[in-house]
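Subject: Structure handover

Hello,

Here is the structure I promised to pass on. Please open it alongside this note.

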Amino acid sequence: VDIHPEEFHTNVTCEVALCGSVAAVVEQLSSELHGFEFSSSSDWWRELNAASAANRARVDALIVEGQTVPMTYYSALNELAKFVDNSGDDWLIVSEGANTMDIGRAMLPNRLARRRLDAGTFGTMGVGLGFAAAADLCIGDSRVGHRRVLCLEGDSAVGFSLAELETLARYRMPVLLVVINNSGIYSGVPADVLRQLLQQDGAAPSSGALSASAALRLPATSLTSECRYDLAAEALGGYGRLVRSVGELRQAFAEFAGVRDRPCLINAIIDTGAERKQQVMAPHRRDNDRWMGTTAPTGGWDKQLDNCPRQWMGTTAPDSWMGTTAPDSGWKLPRQLDGQLPRQEFDWLSRSKL
Ligand SMILES: Cc1ncc(C[n+]2csc(CCOP(=O)(O)OP(=O)(O)O)c2C)c(N)n1
Ligand SMILES: [Mg+2]
């Protein structure tokens, strides 16, 4: 169902394309059905309820798993949802990121209509802080009112427009920013693996800076480990906090709830390997066989560099761009890259659908 007919069949072929507003179309459909109802004991309902209960159980397990350090997406977002529901304020949620935004859509429901602005169907990163400033302007005086703006950002996503925090600070917009920081895009590299890279590289572990050849051995999707977006927020005129546990997260919410004269940013460090829960259905795309894997590498990260996925090297143009599933043959040791970035690496990057 879409109000724009040109949207039909653009991604996958629709079997039945209905053009109109969802509310009107659903009304027309139900009137044509003359009161037909699926019996609550029908297979359809039974399966739906069973799937929903299984889903709930999986989410609950991930919330429980993230009660200790490191947090998971689910434990951090569950804490955020509790804060939003109990704060007594009316929050407009702005969000961007990959897992952060997707899981946030499920974990952070809007109780009222027209309370969400996110990267939308095309997933364009960079909209976050601009959207937040615009939203703050539109909801009335957030310095005194109960309408507020919450900006939920992945750590990569926030980098696209972080400098706009200066704008929020200059206009004294009390936007609450929560950065879900897994040190990467979809996933990051564990701090100990990075440390090992630094050591191999001969760099002082405290320097944090990788040489070009060490940096090339990292996946293009990894960012600086536990980057201090909270300090950047302070530098730009806001308040910032780094948190690692649900307890610290709760404390930061309590501390920032009453701040009404500047933006506040909570840098919530989560597991670099945190996953979204296994999806039953593949994303609705023509090319979903090439879609990135969402499963953790078998055996986890414990073999560290021995386990470096060969697609990190990018020299064998993987079909499964940034898939995190271990190949049947196991991981290969990363090749030392001491010369120029090989030609195919550029081809691979430019062909990527990221
Ligand atoms: C303008 C633009 N550049 C690049 C991308 C590719 N992209 C998709 S999601 C994403 C960031 C995801 O990482 P993060 O925000 O840290 O969220 P996470 O999945 O790690 O939770 C990027 C760079 C994009 N969608 N838009
Ligand atoms: Mg991230």
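Let me start with the ligand. The shell around ligand 1 is made up of seven nonpolar residues, 10 polar ones and one charged. Please keep in mind that this is a predicted model. The shell holds 18 residues, and those nearest to ligand 1 are Gly97, Ala98, Gly154, Ser156 and Ala157. Two elements give two or more residues each: α4 (99-107) and α6 (155-159). Helix α6 has the largest share, with three residues.

Now the overall picture. The protein chain has 354 residues, and 33% of them count as buried. It contains 13 helices and six strands. Take the contacts with a separation of 6 or more: 73% of them join residues 24 or more positions apart.

The sheet

The six strands form an open sheet with parallel pairing. Their order is β2-β1-β3-β4-β6-β5. Which strands stand at the edges? They are β2 (116-118) and β5. Each has a single partner strand, so one side of each lacks a neighbour in the sheet. From one strand to the next, the twist averages 15 degrees.

Two helices on this sheet deserve a look. Helix α11 (residues 246-257) packs on it and touches β4, β5 and β6. The direction of α11 makes about 165 degrees with that of β5. Helix α5 (residues 128-138) lies across β1 (90-96), β2 and β3 (147-154). Relative to β3, α5 runs at about 175 degrees.

Strand β6

Is strand β6 enclosed or open to the outside? Six of its six residues, 264-269, are buried, so β6 is largely enclosed by the rest of the structure. In a regular strand, side chains alternate between the two faces of the sheet. Here, Cys264, Ile266 and Ala268 point one way from β6. Leu265, Asn267 and Ile269 point the other way. All of these residues are buried.

Strand β6 has β4 and β5 as partners. Strand β4 (residues 176-181) runs parallel to β6, and six bridges join the two. Leu176 stands opposite Cys264 in β6. Val179 has Asn267 of β6 as its bridge partner. Strand β5 (residues 239-243) also pairs with β6 in the parallel sense, over five bridges. Across that pairing, Leu242 stands opposite Asn267. Asn267 is a good residue to click on: Val179 is its bridge partner, and Leu242 stands opposite.

Helices α2 and α3

Next, a helix pair. Helix α2 covers residues 43-65 and helix α3 covers residues 73-86. They pack at an angle of about 90 degrees, with axes 6 Å apart. The two helices are therefore roughly perpendicular to each other. On the α2 side, the contact involves Val59, Leu62 and Ile63. On the α3 side, it involves Tyr74, Ser75 and Asn78. By type, the contact residues are four nonpolar, two polar and no charged.

The loop between α2 and α3 holds Pro70. A cis peptide bond joins Val69 and Pro70, with omega about 0 degrees.

Some single residues

Two histidines have a positive phi, in a residue other than glycine. For His9, phi is near 65 degrees. His9 lies in the segment before α1 (22-32). It is exposed, because just 10 other C-beta atoms lie within 10 Å, and 12 or fewer count as exposed. For His34, phi is near 45 degrees. His34 is in the loop between α1 and α2. With 6 C-beta neighbours inside 10 Å, His34 also counts as exposed.

Last, Ser211. Where is Ser211 placed? It is in the loop between α8 (191-200) and α9 (212-216). Ser211 has 15 other C-beta atoms within 10 Å, so it is partly exposed. Ser211 and Leu197 are 14 residues apart in sequence. In space, they are 9.7 Å apart, C-alpha to C-alpha.

That is the handover.

Best wishes

Note on methods
Residues numbered from 1 in each chain as written. Chains lettered and ligands numbered in written order. Predicted model: local features only at pLDDT ≥ 70, side-chain atom pairs only at ≥ 80, totals over all residues. Axes fitted to C-alpha atoms, helices over the stretch in contact; angles between N-to-C directions. Helix = DSSP H or I, 4+ residues; strand = E, 2+ residues; numbered from the N terminus. Parallel < 35°, antiparallel > 145°, perpendicular 65-115°, else oblique. Contact = placed C-beta atoms within 7 Å. Nonpolar A, V, L, I, M, F, W, Y, C, P; charged D, E, K, R; others polar. Buried ≥ 20, exposed ≤ 12 C-beta atoms within 10 Å, placed from the backbone. Near = placed C-beta within 6 Å. Pairing = 2+ DSSP bridges.
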